[in-house]
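The exercises below ask you to work through a set of local features, each with a solution given step by step. Please keep the sequence and the model open while you read.

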Amino acid sequence: MFSSFLQSMVFLPIVLALASLANSAEGRAFFVFGDSLVDNGNNNYLATTARADSPPYGIDYPTHRPTGRFSNGLNIPDIISERLGAESTEPYLSPALRGQKLLVGANFASAGVGILNDTGFQFLNIIRIYKQLEYFQQYQTRVAQLIGPENAKNLVNQALVLITLGGNDFVNNYYLVPFSARSRQFALPDYVPYIVSEYHKILLKLYDLGARRVLVTGTGPLGCVPAELAQRSRNGECDPELMRAATLFNPQLQAMVSSVNSELGSDVFIAVNTRKMHMDFISNPQAFGFVTSKIACCGQGRFNGLGLCTPMSNLCPNRNIYAFWDAFHPSERANRIIVDQMFNGDNEYMHPYNLSTIVELDAAQV
C-alpha cells in the first residue's frame with residue numbers, strides 16, 4: 001500500500017507536467033506524414049534501399065552525421081519546428097520517441113511512399129501512407145496513457161500537421177519505366193484525377209483521426225530535378241512530360257483541398273504550392289545566391305543526377321550555393337527558402353493562409 005502511494009506521488013507530477021505542456025500554445029505538437037522530402041529517419045529502422053543513413057548525408061547537420069534525412073542538414077519539418085521555437089520531431093520508429101518526447105509530436109514519413117499503395121514497390125519495406133495513419137492511431141493511444149484521453153485529444157486537435165505526397169506517384173510509379181502498369185491503365189489526364197481522388201480519402205482519414213490544421217504540399221517541378229535532367233534532358237532544360245504532370249496535379253490538388261474545406265465548413269487543410277516555391281530558385285538561381293539549380297551537390301554522372309549519393313560520389317565543398325543536395329532533394333538552404341515562403345508567402349504560395357497567419361489565428365483561439 002505504502003509502495004503504491006509513493007509510486008503515485010512520483011508519477012502524479014509527471015502527468016500534470018505533461019498535461020500542462022499538452023494544453024500550452026508553446027507545446028503545440030507537430031505531426032509529419034509523407035515521403036523522403038520529410039522523412040526524419042524512419043527508414044533507418046527498415047530493410048529498404050530507400051535510406052539516407054551513410055555519409056555524406058548529414059554533413060551539415062548539427063552532429064555532422066547521417067540521420068536518415070535526405071539532406072545535407074535540416075529538412076523542411078526540422079526548419080518548421082525551428083521557426084516555431086520547438087525541437088524537431090522524432091521518427092515514429094525511433095526508440096527515443098517515448099515519455100515527454102511524445103508530446104512534441106512524431107514524424108511518420110517514409111522515403112519512397114506515395115498516395116498509391118503500389119508506388120515505391122521497388123523499395124520493398126517502407127511505411128505506406130495508410131500504415132503511417134495506423135501508427136498515428138497507435139501514437140494517440142500511447143499519449144492517452146501518459147496524459148489521459150481528453151488531453152491527448154486536445155493535443156492532436158491543436159497540433160500542426162504536414163503531409164507531403166505525390167511526387168513518387170509519378171517518378172517512382174507512372175514514369176518509373178516505359179509502359180509502366182499505371183501508364184498502361186491511365187492516360188496522364190486520367191491518372192492525375194485518380195490520384196487526387198485517392199489523396200482526398202487520405203485527407204479525410206487524417207481529419208477523422210483528429211487533425212484540424214494540415215499543410216498539404218503539392219509536388220515540386222518534377223522535370224527539373226537533377227535525376228530527371230540526367231536521364232531526359234539534352235541541354236539542361238526541364239523535362240516537358242514530367243512538368244506537364246506537375247502542372248496538371250498541383251491545381252487539381254488545390255481545388256480538392258478547397259472543396260474538402262467547404263465540405264467541412266472550416267479551413268482545416270492548407271494548400272502549399274511547392275512547385276512555385278521551387279521554380280522561383282530553379283528559374284533564377286543566382287537571385288537566391290545559388291550557382292546552379294541543375295547540378296546536384298552530391299552525385300555522379302550528368303548533372304550529378306545518376307545513382308545515389310554515397311561516400312564515393314562527387315561532393316561540392318559549399319552546399320549553400322547548390323539548390324539541390326542530391327539527385328532529387330533540395331539542399332538545406334533551399335529548404336529554408338521553401339519554409340520562408342510557407343510562413344510569409346501570399347495566396348499564390350499558401351492558400352488560404354500562410355503559416356504565420358495560421359499561428360496567429362490558432363493562438364487567438366487557445
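**Exercise 1.** Identify which residues make the nonpolar surface patch of about 270 Å², and place V177 in its element and accessibility class.

*Solution.* The patch is made by F121, L176 and V177, where a patch joins nonpolar side chains (Val, Leu, Ile, Met, Phe, Trp, Tyr) within 5 Å, or like charges within 9 Å, among residues with over 30% relative accessible area and no salt bridge, the latter being a side-chain nitrogen of Lys or Arg within 4 Å of a carboxyl oxygen of Asp or Glu. Areas come from the Shrake-Rupley method with a 1.4 Å probe, and for residues only the protein chains shown count as cover. This is a predicted model, in which local features need pLDDT of at least 70 and side-chain atom pairs count only at pLDDT 80 or more, while totals for chains, interfaces and linings use all residues. Residues are numbered from 1 along each chain as its sequence is written, and side-chain values use heavy atoms, with hydrogens and water left out.

Next, V177 is found in the loop between α5 (167-174) and α6 (181-185), helices (H or I, at least four residues) and strands (E, at least two) being DSSP runs numbered from the N terminus. Because its relative accessibility is 45%, V177 counts as partly exposed, the class between buried (under 20%) and exposed (over 50%).

**Exercise 2.** Determine whether N40 is buried or exposed, and which side chains make polar contacts with its side chain.

*Solution.* N40 lies in the loop between β1 (30-34) and α2 (76-83), and it counts as buried because its relative accessibility is 2%. A polar contact (N or O atoms within 3.5 Å, one able to donate a hydrogen and the other to accept it; residues adjacent in sequence count only through side-chain atoms on both sides) of 2.8 Å joins its side chain to that of N75, and another, of 3.5 Å, reaches the side chain of D78.

**Exercise 3.** Work out how the buried residues of α12 (residues 355-365) are arranged around its axis.

*Solution.* L355, I358 and D362 are buried in α12. Viewed down the helix axis, these buried residues fall within an arc of 50°, so they line one face; the arc is that of the directions from the axis to the C-beta atoms. On the other side of α12, E360 and A364 are exposed. At the N-terminal end, N354 caps α12, with a side-chain oxygen 3.3 Å from the backbone nitrogen of S356.

Definitions and conventions. Buried < 20%, exposed > 50% of the residue type's maximum accessible area, 1.4 Å probe, protein only.
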